[in-house]
Amino acid sequence: MAVETELKLLVPPEAVAGILRQPALRNLIRPQQHGHPAEGESESVGLNGTTVLPAEDPVQRRKLVAVYFDTPDKWLAEHGMALRIRRIGRKRIQTLKAPGAGPGGVQNFQEFETEIAQDRPLLAAITDAKLRRRLEREKVWQRLRPVFETRFQRSAFACERAGTTFEVAVDHGDIVALGRRAPIAEIELEVKAGEPGAIFDLAESLALELAEEYPVRLGALTKAARGYALADGVEPAPHKARDITFGTQVATEEAFVAIVHNCLDQLRANEEAVLATEDDEAIHQFRVALRRLRAIVGAYRDLIDDDVHALMSIDLRWLQRQFGSARDLDVLIAETLKPIHQRLRGQPAFDRLITAAETARAEARHTAHLALENPRYLAMLLQLYRHLHTGDWRRASARARLGAKVGDFARPLLQSRHKRLMKLGQRAQGLPEAELHRL
C-alpha cells in the first residue's frame, strides 16, 4: 500500500496541449544526465529554487486508458473509494484508492496498486487483508460493473523542492460515460517523498507563473468524482455547509482548524455551480461560506499571528466585494422587482427597469466568475491550507489559550457578543443603515 498526496491545477483545455513549453514548467524539466553533475557543472535550479532531478529523458509521455468499476448502488463511491483498471500498452494495472490521512486542501488516498493479467478487477490483488474481508462481506466484487472511462495523454517528470520529491504530470484528454464527455486538462502534483505540506509552495509558485498567460484554478474533484457525476448526469449545484460537531475535549486550536476547513469545503463546493449555472443559490452559498470564514477569523483575532490575520482579512474582504453586487442584485430582482412586476404588467418603464437590473446582474456575475479565475483567489486558498497544515497561523503568545478546551474560549466570547447585540438591538429602529447591517 502506498499513501498518495496530490493536488490538481486546472487549466483551459485549449492551453494544456502546449503547456510544457511555458517557462514555468520548462524550467522544471531541463534535461540532465543521471547521477551527480559532472565537474564544472551545476544542478539545474527551476521555479523559485526548485531543483530538477537528473534524468536523461526527464519527461515520460504515455497514453493512459482506464475503466472505473463500481456496484449498481455505487458502494465504493459511497465509501470514498475508487477502483480502476488502467491499460498501459499491454499491461493492466489495477488500483483501488481509499480515503487516507494528510494535509487538508489536497487529495489524500491509500493506494493499492497491482499489475494483473485481465480486464476485470481481481479481489486477490488487494493486499490489505482487513479491507479485502470487508469487500468480501459486502459482496462488492460479485456486483462490479464498468461505470466510466478516462482517456488521456500524460506527460510526467520528477522534481525536488526543499527536500521533497514530486511528480509533476500534465494530463490532457477526456472522461467518457454513456456517450457523454468531459475534458481533462490539469496539472497534477504528487508528493513522492518528503514533507507533504511543501506541495502548497510548489503549487502557488507554479500557478502564479502560469496565470500570467491564462486562468489557473485549484481543482477540487478527482477524476473519479468527475466520472461518477458524468455517468449519473449530475450537474454542478449549490452546496450548503456540512454540520460540525465537537466533543467536550476539543481544543480551541483544533476547533479553529476544523471550522476553517469546513468553510473552505463549502466555498470550493460552490465554485463550479457559480461558474456553470445561473442559480442564485450558488452565489448565495458561496457568500455564506465567506461570511462564516470571516466570522471565525474575527472570533480568533487575538489568537492569530498579526501578519497572517492581516493577509486573511484583506483577501477575504476583497473576495466578498467581488461577489457582493451579484448577490445584492439577485435579492433585489427576486424579492422586490419581480413581485412588483407581477402587479405592474404592461408598464414600459418598469419593464426597462427589470431589463436594466438583469443587465447589471449579468455584469456582476461576470465579475464573480473572474474572481474565481483570479490568481489572487488561488493563492489565498493555498496560503490558508498551508497555514492550517503548518500551524504558523498561531500567535506565539497564545499557545496556552489555543490548547484549552474550546468551550472555555467560546463561552465568554458568545456572552460578550450577545451583550453587544442586545445593546444595538435596543435602538435598532433608529440605527443608520450601516449600523443596522452590522447588527
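Leu-421, Leu-436 and Leu-439 together make a nonpolar surface patch of about 230 Å². Patches of this kind join nonpolar side chains (Val, Leu, Ile, Met, Phe, Trp, Tyr) within 5 Å, from residues with over 30% relative accessible area and no salt bridge. A salt bridge here is a side-chain nitrogen of Lys or Arg within 4 Å of a carboxyl oxygen of Asp or Glu, and accessible areas come from the Shrake-Rupley method with a 1.4 Å probe. The model is predicted, with local features needing pLDDT of at least 70 and side-chain atom pairs pLDDT 80 or more, while totals for chains, interfaces and linings use all residues. Residues are numbered from 1 along each chain, and side-chain values use heavy atoms, without hydrogens or water.

Within the patch, Leu-421 belongs to helix α14 (residues 406-425); helices are DSSP runs of H or I with at least four residues, and strands are runs of E with at least two. Leu-421 counts as partly exposed because its relative accessibility is 38%, between the limits for buried (under 20%) and exposed (over 50%).

Turning to helix packing, the axes of α7 (residues 252-269) and α12 (residues 375-390) come within 11 Å and cross at roughly 155°. The two helices are therefore roughly antiparallel, a label given to angles over 145 degrees.

Around strand β7 (residues 145-161), which holds Arg-151, two loops deserve a look. Most residues other than glycine have a negative phi. Lys-139, in the loop between α4 (129-137) and β7, nevertheless has a positive phi of about 55°. Ala-162, in the loop between β7 and β8 (164-177), has a positive phi of about 50° and, at 77% relative accessibility, counts as exposed.

Note on methods: Patches are made of residues with over 30% relative accessible area and no salt bridge: like charges are joined within 9 Å, nonpolar side chains (Val, Leu, Ile, Met, Phe, Trp, Tyr) within 5 Å. Buried means under 20% relative accessible area, exposed over 50%, partly exposed in between (1.4 Å probe, protein chains only). Axes are lines fitted to C-alpha atoms, for helices over the stretch in contact, and angles run from 0 to 180 degrees between N-to-C directions. Angles under 35 degrees count as roughly parallel, over 145 as roughly antiparallel, 65 to 115 as roughly perpendicular and the rest as oblique.
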